[in-house]
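Good morning, colleagues. I should like to take you through one interface and then two annotated regions.

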2 protein chains.
Amino acid sequence: MNNFIWYNPTRILFGRGTHNEVGRETAAYSRRILLLYGGESLKAAGTYGAITKSLTVAGVEYRELGGVRPNPRLSLVRQGILLCRREGLDFVLAAGGGSVIDTAKAIAAGVLYPGNVWDFYHTEKRPERVLPTGVVLTIPAAGSESSDGSVITREEENEKKSFCSPLLYPKFAILNPELCYTLPKRQIAAGSADILAHVMERYFSPNGNTELSDRLCEAAMKTIIHNAPLALADPGRYEVWAELMWAGNVAHNGLLGKGREEDWASHNIEHELSALYDIAHGAGLAIVFPAWMKAVSRRNPARFAQFAERVFGIEAEDKREDELAALGISCLDNFFRRLGLFTTLTEAGIDDSQFLRMAGRAVAGGSLGSMEKLDQTAVMEILELAR
Amino acid sequence: MNNFIWYNPTRILFGRGTHNEVGRETAAYSRRILLLYGGESLKAAGTYGAITKSLTVAGVEYRELGGVRPNPRLSLVRQGILLCRREGLDFVLAAGGGSVIDTAKAIAAGVLYPGNVWDFYHTEKRPERVLPTGVVLTIPAAGSESSDGSVITREEENEKKSFCSPLLYPKFAILNPELCYTLPKRQIAAGSADILAHVMERYFSPNGNTELSDRLCEAAMKTIIHNAPLALADPGRYEVWAELMWAGNVAHNGLLGKGREEDWASHNIEHELSALYDIAHGAGLAIVFPAWMKAVSRRNPARFAQFAERVFGIEAEDKREDELAALGISCLDNFFRRLGLFTTLTEAGIDDSQFLRMAGRAVAGGSLGSMEKLDQTAVMEILELAR
């Protein structure tokens, strides 16, 4: 087991009706905040009304900024920074999913920074102080509600970049599974793929001797694989959403990767896909992950065989490791297809014309991954396997 | 799933050599601290020397207080409070296991409180502020290094009481598995039983619909059951201790019980045992837990059957739930015996002369448990089953 630090100070309020506590939670930090959200769905579902009422009752004034889109844009971050400065807002409340939360973190980091907030995303520079943030989560997927990271797209260049800092942990995150009932099916599917990917990126590691972390990952994966199709079939079941929403948080709060190197190659390759083609991150992962597994399992079959046995319950009997690995990858592919997701680029309408460009950009900062170090040629091969 | 709050701000530094970072970690909070520990074993193992050197290099002055014993005493807490006040110490560093940490928390709560620190343990009163604490863990067992609780024994009355407050989370906890190599076998065995009990107390719940929490608990239990006998057989294996030490932390950091009622009846019954007979908490749990399970599984066989199947891998085939439950309890009993622990009171030299008194004291604050509410008669029956 490798040395590690485990630290996650975000306070999670989980359960029915908890979004009505947002005013009280926020008032502990500020009386004058930016309320950030995506589109009209928040208003249609009544969540916007409940949040603003709770803020008002708690004596918290808010200015609002809507219009955050998936693969959130740097231009909106800049707008939020200017709004906070102009209006003297000193707390950012994100009501939405990962895109809204990542935008909130970017604004929170930018307001107190005299330079260009994009510095944090494309250089080693990190903020020395940031505004506190809070979250009302409406889409379980990104895990950003209690992570230390933020991913933003600079639209001029179609560049999607991320950075991490312990200062980015939100102060609180409110997770009410009831808010998920109105999610469109494509978001349920893509969100579930994203959640599962967050666990897999921690599970597939070059290090052995991480028994507890392995088993915790397997626990989370089994729960996600069981509940995601149930949520898709009937999005009105509290207990199903409770499992998925809690799993989405645990998947990305940092715990499941402790003691070993993680492997985020798939994630990084997908970022290039969604930067160029603007497909949902989770939908892109369902295409990239099986291809990455096919490539990497050839030289590292053991962990993929364990995945097949322990997560999908495939009987080992007298199968070879590579056979087990292939069966596990095939089960994963089927799982994504059951969710209605494409698992090939062709189905998603993406041809090979940008493969070279995407592979080049994916490795621009150095080789990807830890189970296997991937250079441009290796990424090209994975994109070919994903066709 | 029940509503819950998940919050644990303790920063964990895990791995080889990490105890040498204690000075730097402590200096972030204080330059004048109380260093609290148990006996001479800390000095013999060289850990004391490494810690004090690290403190000195970081410019942290320390006064020390040794002599913390298992089932730690209120009298030593009072001594520590006076020492902190007299010397103007504003941070308590615990170097040891659960008893040292719980004493540190008690001192930290008492220094800034004008009344009697025992108030927190036997009334509803809670501290409004406490000194910050830090931990160098040397015995994986109690999980107190990142819990919000403290258990202290008032020796005049043989009263063992606990309290919880979010202020009690240590600021940091340093977990270096190398420090466990010199643990005596009886501490390895009792510590492992305590760790496993912390998971079981969360797993055995009257609530259904907690799939993720169930599976996370099962992951932890399998890891503990696999590694504890290995540590006992050869206490010098880093990877084995790494699993046990990390499992000991995860078992009691609060995560594994989320979304449901926990059941701490066994723990509370054991507190009466160790208060009267001064046996190690973990050793007492190995006696009480199987008896509690026999009693409670009669009316709630389903979860005990799941325990048997998923944790001990017993094939369900056409067995009834109660048969599976009994097999699981028998496997647990065998596991404790493999660790060299007694699983009956008689073996531990405890007769039935104090059963009535212990049962009465155990329920003095109201009935125990959640799977089944236990009154004095029910506790008596469990003690009988434990004979």
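Let me begin with a definition: a salt bridge is a side-chain nitrogen of Lys or Arg within 4 Å of a carboxyl oxygen of Asp or Glu. By that rule, zero salt bridges are found across the interface of chain A and chain B. This is a predicted model, in which local features need pLDDT of at least 70 and side-chain atom pairs count only at pLDDT 80 or more, while totals for chains, interfaces and linings use all residues. Residues are numbered from 1 along each chain as its sequence is written, chains are lettered from A and ligands numbered from 1 in the order in which they are written, and side-chain values use heavy atoms, with hydrogens and water left out.

How many residues of each chain are in contact? Taking contact as heavy atoms within 4.5 Å, 39 residues of chain A meet 39 residues of chain B. The residues on the side of chain A divide into 19 nonpolar (Ala, Val, Leu, Ile, Met, Phe, Trp, Tyr, Cys and Pro), 12 polar (the others, Gly among them) and eight charged (Asp, Glu, Lys and Arg).

The two chains bury about 3600 Å² between them, 60% of it on carbon and sulfur atoms; buried area is the accessible area (1.4 Å probe) lost on being put together, summed over both parts. A:M1, A:L212 and A:W246 supply 19% of the area that chain A buries against chain B, more than any other three residues.

β1(A) pairs with strand β1 (residues 4-14) of chain B in the antiparallel sense over seven bridges; pairing requires at least two DSSP bridges, and strands are DSSP runs (E, at least two residues), as helices are (H or I, at least four), numbered from the N terminus. There, A:I5 stands opposite B:L13.

Finally, an unreviewed UniProt entry lists "domain: Fe-containing alcohol dehydrogenase-like C-terminal" at residues 189-384 of chain A, an annotation that may be inferred rather than shown by experiment. Residues 189-384 are 66% helix and 0% strand.
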